[in-house]
Amino acid sequence: MLYPSPLNSLARGTWFKLICGASFGHLPAIRSLAIAYTLAGADCIDVAADLAVITAAKDGMRIAQKLARVSQSRQEPLLELPWLMVSLNDGVDPHFRKAEFDSSQCPVDCPRPCERICPADAIAHQGVIDSRCYGCGRCLPICPLGAIVTRDRTATPSSILPYLTGSDGIDAIEIHTQPGHLADFEQLWRILAPVAHHLKLVAISCPDSDELILYLRSIHATIAATYHPHPLPFTLLWQTDGRPMSGDIGAGTTHAAIRLGAKVLAANLPGFVQLAGGTNHYTVPKLRERGLLPPTSTKHVHGVAYGSYARVLLSPLLDRLETCTDNPGKLESHPDLLCSAVAIAAELVGQLKSSGTKLVAGDWDREQG
Ligand code: SF4
Ligand code: SF4
């Protein structure tokens, strides 16, 4: 089976992006997510601007490619790798924060609601496990002492600039911005512009606001001015961040994602439109119901990105993987877990696409033997 290229997926309205998280840094999980969702046919994997995270994701994609080749019994790789996207921010943004608290101040009899509510298992006895926290903020209001605070950070583009120009580097960047940040956006763009022509895609991620469409037009004008009178040398994508980092909370979060996607689509901005923020397994059926996916409509959204929902789907398997006695954390060494993970991922990806992976446990067993 040939997987369609990511660009074709955008054009066909079947683009699937996995969001690992702009500040999620749990390397074994990122590697495993990259393996499973690459094999499931994802078009793009979006990670934090951190070299260790980028390496883990790339490693996962390469393993997936090898596994796909084995399953197809061919020497040539048939699996078109997803584009690797790195997320940056131009100012304070919840996707780029971490929670923290001083566990020595917690009462011994606290029932620890913070631990239970955390979707990333990022809270342990000693406090927040930094690499696991992705800044969703759910633990903040639940602490009866108000002991949990957040630490904002800005992803610095300088550390990833060399990876924007290499052939085996980063394919896409995403800039998280919001109305009121235009000067900050312009400053960040001035750093990226000299190398941006190496990219296949630039995504702009923005939450809703009354000024959203005007703001996005200003962003487009800033980017287009860099290349005037020539067209942009990369594909432009608008990521509509409906209800940030909430897709795993419940089906209803998808409504905010769809509302915002429809609003940006109606604005006819140059570029593709892709939903995020609250997306889950209800998103595609609801989009179809509203005629916002092809083939029912000529004016359709071009894809969907899944973050917390896609990760939570696989977390029970990845937890088991970490406790394996042999090769813990290596998904490719555990065919049963691998196949289960790919099957779950493929079901989500398959909502947008008709294709999926044909990998079965025996294929990898044969390769190992
Ligand atoms: S609930 Fe969210 S913000 Fe709090 S520790 Fe967990 S991932 Fe981080
Ligand atoms: S809920 Fe607050 S007080 Fe209780 S363990 Fe969590 S951080 Fe500590």
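Thr 254 is buried, at a relative accessible area of 0%. Buried here means under 20% relative accessible area, exposed means over 50%, and partly exposed lies in between (1.4 Å probe, protein chains only). The structure is a predicted model: local features need pLDDT of at least 70, side-chain atom pairs count only at pLDDT 80 or more, and totals for chains, interfaces and linings use all residues. Residues are numbered from 1 along each chain as its sequence is written, chains are lettered from A and ligands numbered from 1 in the order in which they are written, and side-chain values use heavy atoms, with hydrogens and water left out.

Thr 254 belongs to helix H7 (residues 254–266). Helices (H or I, at least four residues) and strands (E, at least two) are DSSP runs, numbered from the N terminus. Leaving out residues up to four places away in sequence, Thr 254 touches Gly 278, Thr 279, Asn 280, Tyr 282, Thr 283 and Lys 286. Contact means heavy atoms within 4.5 Å.

His 302 sits in the loop between helix H8 (283–289) and strand S12 (303–306). His 302 is also buried, with a relative accessible area of 13%. Beyond its neighbours within four places in sequence, His 302 contacts Ser 9, Leu 10, Gly 13, Thr 14 and Trp 15, together with Leu 265, Gly 271, Phe 272 and Val 273.

Strand S10 (residues 235–241) is mostly covered, with seven of its seven residues buried. In a regular strand the side chains alternate between the two faces of the sheet. In S10, Thr 235, Leu 237, Gln 239 and Asp 241 point one way. Leu 236, Trp 238 and Thr 240 point the other way. S9 and S10 run parallel and are joined by six bridges. Two strands pair if DSSP finds at least two bridges between them. Ile 204 stands opposite Trp 238 of S10.

Met 85 lies in strand S3 (residues 83–89). Its relative accessibility is 0%, so Met 85 counts as buried. Residues up to four places away in sequence aside, Met 85 touches Lys 17, Cys 44, Ile 45, Asp 46 and Val 47. The contacts of Met 85 also include Ala 172, Ile 173, Glu 174, Leu 201 and Ala 203. Met 85 and Ser 209 are 124 residues apart along the chain, and their C-alpha atoms are separated by 25 Å.

Three of these names recur among the charged pairs: Lys 17, Asp 46 and Glu 174 are linked in a network of salt bridges. Side chains of opposite charge can pair when their charged atoms come close. A salt bridge is a side-chain nitrogen of Lys or Arg within 4 Å of a carboxyl oxygen of Asp or Glu. The whole structure holds 13 salt bridges. In the one between Glu 174 and Lys 17, the closest N and O atoms are 2.8 Å apart. This pair links distant parts of the chain, with Glu 174 in strand S8 (residues 172–176) and Lys 17 in strand S1 (residues 15–19), 157 residues apart. Glu 174 is buried at a relative accessible area of 1%, and Lys 17 is buried at 0%.

Asp 130 forms a salt bridge with Arg 151, the closest N and O atoms being 3.0 Å apart. Asp 130 lies in the loop between strand S6 (127–128) and strand S7 (149–152), and Arg 151 lies in S7, 21 residues apart. Asp 130 is partly exposed, at 35% relative accessibility. Arg 151 is partly exposed as well, at 33%.

Lys 200 forms a salt bridge with Asp 171, with 2.7 Å between the closest N and O atoms. Lys 200 lies in the loop between helix H5 (182–196) and strand S9 (201–206) and Asp 171 in the loop between S7 and S8, so the pair ties together parts 29 residues apart in sequence. Lys 200 is partly exposed at 39% relative accessibility, whereas Asp 171 is buried at 11%.

The search of the whole structure finds zero disulfides. A disulfide is a pair of cysteine sulfur atoms within 2.5 Å. For Cys 20, the closest cysteine sulfur is in Cys 44, 10 Å away, which is too far for a bond. Cys 20 is buried, with a relative accessible area of 1%.

Ligand 1 is surrounded by Ala 99, Cys 118, Pro 119, Ile 123, Cys 133, Tyr 134, Gly 135, Cys 136, Gly 137 and Cys 139. A residue is near a molecule or strand if one of its heavy atoms lies within 4 Å of it. This shell has eight nonpolar, two polar and no charged residues. Ala, Val, Leu, Ile, Met, Phe, Trp, Tyr, Cys and Pro count as nonpolar, Asp, Glu, Lys and Arg as charged, and the others, Gly among them, as polar. Cys 133 counts as buried, at 8% relative accessibility.
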